[in-house]
Amino acid sequence: MSSLQIKQRIPLKIKRMGINGEGIGFYQKTLVFVPGALKGEEVFCQVTSVKRNFVEAKLLDINKKSKFRVVPECPIYEACGGCQIMHLRYDKQLDFKVDLLKQALKKFKPRGFEHYEIRPTLGMDKPKHYRAKLQFQTRSFGGSVKAGLYAEGSHRLVSLEDCLVQDQLTQAIINKITHLLDKHKVPIYNERKIQGIRTVMVRKAKATDQVQIIFISSKWVNLTALIKDLTTAFLQIKTVAFNLNPSKTSEIYGAKTEILWGQDAIDEAVLDYGFQLSPRAFYQLNPEQTEVLYGEAVKALDVSSEDHLIDAYCGVGTIGFAFADKVKSVRGMDIIPEAIEDAKVNARRMGFDNTHYEAGKAEEIIPKWYKEGYLADALVVDPPRTGLDDALLKTIIKYQPKKMVYVSCNVSTLARDLTQLTKVYDVDYIQSVDMFPHTARTEAIVKLIIRANSEKTKG
């Protein structure tokens, strides 16, 4: 146990940065985490919490500054917590994201990790206003509605009216929505007693500027007058949907989403193909870097015209479509039925007759397909932050498609999953892609190749 006490003030040398972008140093052999401090800095900080094998502290003074420290352009950077490393020069943020991967690999130690080729992070020329989708909480303060994000680790809403990483059209629309929620006296949710609008999702298609909106509410509310004003103000809005979520959990969405106004989907494009997105379907938050990410996936999987490809966690089919004209067949699955319907429509619109999509869990559908005789030569997985399901990992290790690409948005679950996958695959290389500038998150593309002497496990 540390001898440090809460409120104690200590000097500290920052040795490295942690997975949330915080500075890390040692004080009398105790690990100290200091948000806002950078590698190489000498700081003065105050202990805020004491845990069993580390302490957390807040930054008071920087006695020796990093030469890579910059003044964040965002005026509410510290209050908001949505970005964690805006105080670090952008080229050094890209280096930090390679370091994140290395830290995760060192922690989980997948086979051969010391020798992996980890390529420099592919960053953005202009790392601002890149988020094409927002999900802002709405709350009412003194009779006026605000929308934004909760401050880190709290239920205190930070109002965001001019976010530096948010697409400017989506920001203008959410600002208008808060004004109209006030004007039309729409009930706004709070945790204690009031039922009403709790979250608003706004998404813009980069290729077409078409916008869709979902109002998430704990009870039915009438939005007819608000929708009329809103769609008159912004002709880019093509879809307004309503999602009922009466639950007390932190889940954003309830099960049912219905279209209140406009069309079922908006049109987006990536690489050289277009597709439709319904309001609940997943698509990457940063469309500009999605081009880079999918381009890297195509390069890494290196398919041939005879290959059968499985696209696990396929969403509306986007990654699979990048391969559809290069392979014999593509099959995909996703747990969101609306996304699968989008995938089918998208494939038809593009004239692909070699695709097949089913709603359900990858770990249940892939073994079923194998039993039916559909054997994949190539596999691409793009799981949520939780990583691959155990049953899916066992399935992959059992059936061993010879080529595999893992698209990851969480270095920790990636490194954990690689400990299993490297029982039968070798990691050819890892390519980090900066999908989320100024945050401590990165995406990575991992090229995996079946080991020549790997034995199929008997099933």
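This passage describes the surface patches, one enclosed helix, the salt bridges and the backbone angles of a predicted model.

The model is predicted, and for that reason local features were considered at pLDDT of at least 70 and side-chain atom pairs at pLDDT 80 or more, whereas totals for chains, interfaces and linings use all residues. Residues are numbered from 1 along each chain as its sequence is written, and side-chain values use heavy atoms, with hydrogens and water left out.

Helix α8, which spans residues 362–371, is largely enclosed by the rest of the structure, because 7 of its 10 residues are buried. Helices (H or I, at least four residues) and strands (E, at least two) are here DSSP runs numbered from the N terminus, and buried denotes under 20% relative accessible area, exposed over 50%, and partly exposed the range in between (1.4 Å probe, protein chains only). The buried positions of α8 are Ala362, Glu363, Ile365, Ile366, Pro367, Trp369 and Tyr370. These buried residues pack against three strands, β16 (308–312), β17 (329–334) and β18 (355–359), and against helix α9 (390–399), where contact denotes heavy atoms within 4.5 Å. Just after α8, Gly373 adopts a positive phi of about 100°.

A search of the whole structure finds 22 salt bridges, a salt bridge being a side-chain nitrogen of Lys or Arg within 4 Å of a carboxyl oxygen of Asp or Glu. One of them involves helix α8: Lys368 forms a salt bridge with Glu358, with the closest N and O atoms 2.9 Å apart. This pair links distant parts of the chain, as Lys368 belongs to helix α8 and Glu358 to strand β18, 10 residues apart. Lys368 is partly exposed, with a relative accessible area of 35%, whereas Glu358 is buried, with a relative accessible area of 18%. Salt bridges that share partners also join Asp167, Lys204 and Asp209 into one network.

A further salt bridge connects two loops, Lys128 pairing with Glu73 at a separation of 3.0 Å between the closest N and O atoms. Because Lys128 lies in the loop between β6 and β7 and Glu73 in the loop between β5 and α1, the pair ties together parts that are 55 residues apart in sequence. Lys128 is partly exposed at 34% relative accessibility, and Glu73 is exposed, with a relative accessible area of 55%.

Within helix α5 (residues 287–301), Glu296 and Lys299 are 3 residues apart, about one turn of the helix, and they form a salt bridge in which the closest N and O atoms are 3.1 Å apart. An α-helix has 3.6 residues a turn, so residues three or four places apart point the same way. Glu296 is buried at 8% relative accessibility, while Lys299 is exposed, with a relative accessible area of 52%.

Charged and nonpolar patches were also identified on the surface. Patches are made of residues with over 30% relative accessible area and no salt bridge, like charges being joined within 9 Å and nonpolar side chains (Val, Leu, Ile, Met, Phe, Trp, Tyr) within 5 Å. Lys13, Lys15, Lys64 and Lys67 gather in a patch of positive charge; of these, Lys67 is found in the loop between β5 (54–64) and α1 (77–80) and is exposed, with a relative accessible area of 71%. A patch of negative charge is formed by Asp125, Asp272, Glu288 and Glu291, with Asp125 placed in the loop between β6 (118–122) and β7 (133–141) and exposed at 76% relative accessibility. Trp220, Leu260 and Trp261 make a nonpolar surface patch of about 300 Å², in which Trp220, from the loop between β11 (211–217) and α4 (224–233), is exposed at 52% relative accessibility.

Positive phi values also occur in residues other than glycine, including Lys7, with phi near 80°, and Gln28, with phi of about 45°. Most residues other than glycine have a negative phi. Lys7 is placed in the segment before β1 (9–17) and is exposed at 61% relative accessibility, whereas Gln28 occupies the loop between β2 (23–27) and β3 (30–34) and is exposed at 56% relative accessibility.

Methods: Areas by Shrake-Rupley, 256 points an atom, 1.4 Å probe, with all protein chains shown as cover. Lys, Arg positive; Asp, Glu negative; His and termini not counted. Charge placed at Lys NZ, Arg CZ, Asp CG, Glu CD.
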